[in-house]
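The following exercises concern the interior spaces, one helix and the disulfide chemistry of a predicted model. Each task is followed by a worked solution.

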Amino acid sequence: MMLAPKALLVLAALTLAACQNPDRYGSGGAGGAGGMGGAGGSGGYIDTTGLGDPSDPRSIAYFNQTVGDRVLFAVDQSTLSPEARTILSGQAGWLNQNPGYAIIIEGHADEKGTREYNLALGARRAAAVQQFLISQGVAGNRMKTISYGKERPIEVCSEEACYAKNRRAVTVLSAGAGV
Amino acid sequence: MRPSFRFVTVLIALGLAAFAGPAAQAQDAPPPRIVIGAGVIEPMPIAVPAFVDEGGASDLARDLSRVVASDLVGTGFFREIPADAHISRITSFDGGVAFEDWKAVNAQVLITGAVSASGDRITVKFRAYDVLNGKVMDGAALQFAGTTAGWRRMAHKVADVVYSKITGEGGYFDSRVVFVSESGPKNARLKRLAVMDYDGANVQYLTDSGSIVLAPRFSPTGDRILYTSYETGFPRITLMDVGSLKRRTLEEQPGTMTFAPRFSPDGGTVVFSLERGGNSDIYALNIRSGQLSQLTNSPSIETAPSFSPDGSQIVFESDRSGTQQVYIMPASGGEGRRISGGEGRYSTPVWSPRGDLIAFTKQNAGRFHIGVMRTDGSEERLLTASFLDEGPTWAPNGRVIMFTRETSGGGGQASLWSVDITGRNLKQIPTDGPSSDPAWSPLLP
């Protein structure tokens, strides 16, 4: 529903269904709940099926694993740390060289906050990443943002070690912008 | 299964003086009275013998009286004299009451009732007696008629009348709660909307768990529900008709997120947060005309708006000071004035239906609390403390609060709890599985 029909056809052809749906955490989506449950707390929650060969520098798998698909935030903050800026600069460079991918930036929060505030905080984080990528030349019309608030932690323990990984913005790619 | 959910039509026959019991004896004992909030209250002893089957009611008569007792005892203000201690039996609704026998077992209030059923209709009548004075309490002899399927509602109505007569407060038992039913592991939680009686009975599911749903709210008449859904792929406020389960997305603007919706007291307006470019502000949408107006305009997070019962003001949270705090602004919008002033962070304010208090979530020193304060921020009172308590909702009478409590760790789960505004009677609401985000309906019509 968020992609043009033509793009959806392309997606189907590329069997990239796993990341076509922005609500990839919905139970109905391929690579959704099942894939996440299987990944457990390892952090490797993305179903790599259909993400391409990690050794292919133009694949989504390469972007996720080698460029780095996520940045982390301090408690209650949406400010990009120097480390985050380095990762995002790498993302921007890669995205500019691979203009065929559409981008959804997911913002997340840890569980130590109220539901509505965490939704807003996740949106702030996603927007901070989007603004940075735009400043690095990535076209704004390739990007959408979404906040999951505290609804989709990647780590499930109730300690700072887990919270630190959950306060994140993840750049999720799908083929769809004119491949 | 296609859930169906319809409020049962219930007829109330008032002024049934014919039901009044034997002539009152001349006594001087004060009538049964509980003043909520007036210090520690010794639970009032009551007797609720099985209601009499006056034809076709069978087990319903007994079951109905059990729900009446459960409602009253569940408030913490009453205790029930167990049936095996009763000396007298009530075998006829209009037969005389042996008050000495009820006095002897220390019952201060005796509730008798009778149920008759015909087809799918039942009729319930009851009397609440002031045992010490040997007479029916004023206004506590009524008759209700409804459907057999809706028998629990009639029990709740009986209990509401008794509770109201004794406390002077409005009732709240004949009400529903919409909430989010949860399943699955913490990192892949499945959520779907459900609705139940206030006490956890009669659960019905309103959506499947195909997409995340959050924070439902009832309309002032209980016939519609607002919530946040990821059904379109992005968080959007959604309006559902409870009868037909038809739903539609409100205010779908590309590139924005909408969340934290709540009705105005007249049901015609929805206030909510709209996020654009990372910034969340509060907006009001006229449901009929579709007219949208922006109520706050600030680079900080403004969310969780809730109207005052008269519709003139809105309480909300903002982190403009650096942390979440609670503010009140006119319903037409504006800067607002901060009312929260203690240590920690204050969020999810909800105006009491009585208008006197604001319930909120407070985070301080790593703990979460549900609390209440007056509308000027004074007399803050924390009612709970745990790893994670959040999202208070008011009972229709403004005397009880329900909220979400979540336990910690990888196996952490959410459940629904209630507490009264004095901080007493904290208890978990029985639900089939993990549950969150309760929102209380108004008293049913």
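**Exercise 1.** How many nonpolar, polar and charged residues does the lining of the second largest cavity have?

*Solution.* Begin with the space itself: the second largest cavity of this predicted model has a volume of about 140 Å³. Next, find the residues around it. The lining holds 16 residues, and those closest to the centre are Glu116(A), Arg217(B), Thr348(B), Gly391(B) and Pro392(B). Then turn to the elements: at least two lining residues each come from α5 of chain A and from β11, β19, β23, β27 and β31 of chain B. Finally, sort by class, which gives 7 nonpolar, 3 polar and 6 charged residues.

**Exercise 2.** Into which classes do the residues lining the largest cavity divide?

*Solution.* A search of the whole structure yields 6 cavities of 30 Å³ or more. The largest cavity has a volume of about 210 Å³. Of its 17 lining residues, Glu111(A), Lys150(A), Pro153(A), Lys186(B) and Glu406(B) are the closest to the centre. The division of this lining is 5 nonpolar, 1 polar and 11 charged residues.

**Exercise 3.** Which elements give two or more residues to the lining of the largest pocket?

*Solution.* First, note that the volume of the largest pocket is about 550 Å³. Its lining counts 24 residues, and the closest to the centre are Phe218(B), Pro220(B), Trp351(B), Pro353(B) and Trp440(B). The elements sought are β11 (213–218), β15 (256–263), β19 (302–307), β23 (345–351), β27 (389–394) and β31 (435–440), which belong to chain B. By class, the lining comprises 15 nonpolar, 7 polar and 2 charged residues.

**Exercise 4.** What span should helix α5 of chain A have, and how far apart are its end C-alpha atoms?

*Solution.* Helix α5(A) covers residues 115–135, and at 1.5 Å a residue its 21 residues should span 30 Å. The end C-alpha atoms are 30 Å apart, in agreement with that expectation. As to its surroundings, 18 of the 21 residues are buried, so α5(A) is largely enclosed by the rest of the structure. Gly137(A), with a positive phi near 95°, follows the helix.

**Exercise 5.** Is the disulfide of Cys157(A) and Cys162(A) right-handed or left-handed?

*Solution.* The structure holds 1 disulfide over all chains. The bond joins Cys157(A) to Cys162(A), with an S to S distance of 2.0 Å. The torsion about this S-S bond is about 120°, so the disulfide is right-handed. For accessibility, Cys157(A) counts as partly exposed at 21% relative accessibility, whereas Cys162(A), at 8%, counts as buried; the cut-off for buried is under 20%.

Notes: Residues numbered from 1 in each chain as written. Chains lettered and ligands numbered in written order. Predicted model: local features only at pLDDT ≥ 70, side-chain atom pairs only at ≥ 80, totals over all residues. Heavy atoms only, no water. Helix = DSSP H or I, 4+ residues; strand = E, 2+ residues; numbered from the N terminus. Expected span 1.5 Å × (residues − 1). Buried < 20%, exposed > 50% of the residue type's maximum accessible area, 1.4 Å probe, protein only. 1 Å grid on protein atoms, 1.4 Å probe; cavity = no way out; pocket = protein on both sides within 12 Å on 5 of 7 lines; lining within 4 Å. Points joined across faces, edges and corners; volume = space filled by probe spheres on them. Nonpolar A, V, L, I, M, F, W, Y, C, P; charged D, E, K, R; others polar. Disulfide = S-S within 2.5 Å.
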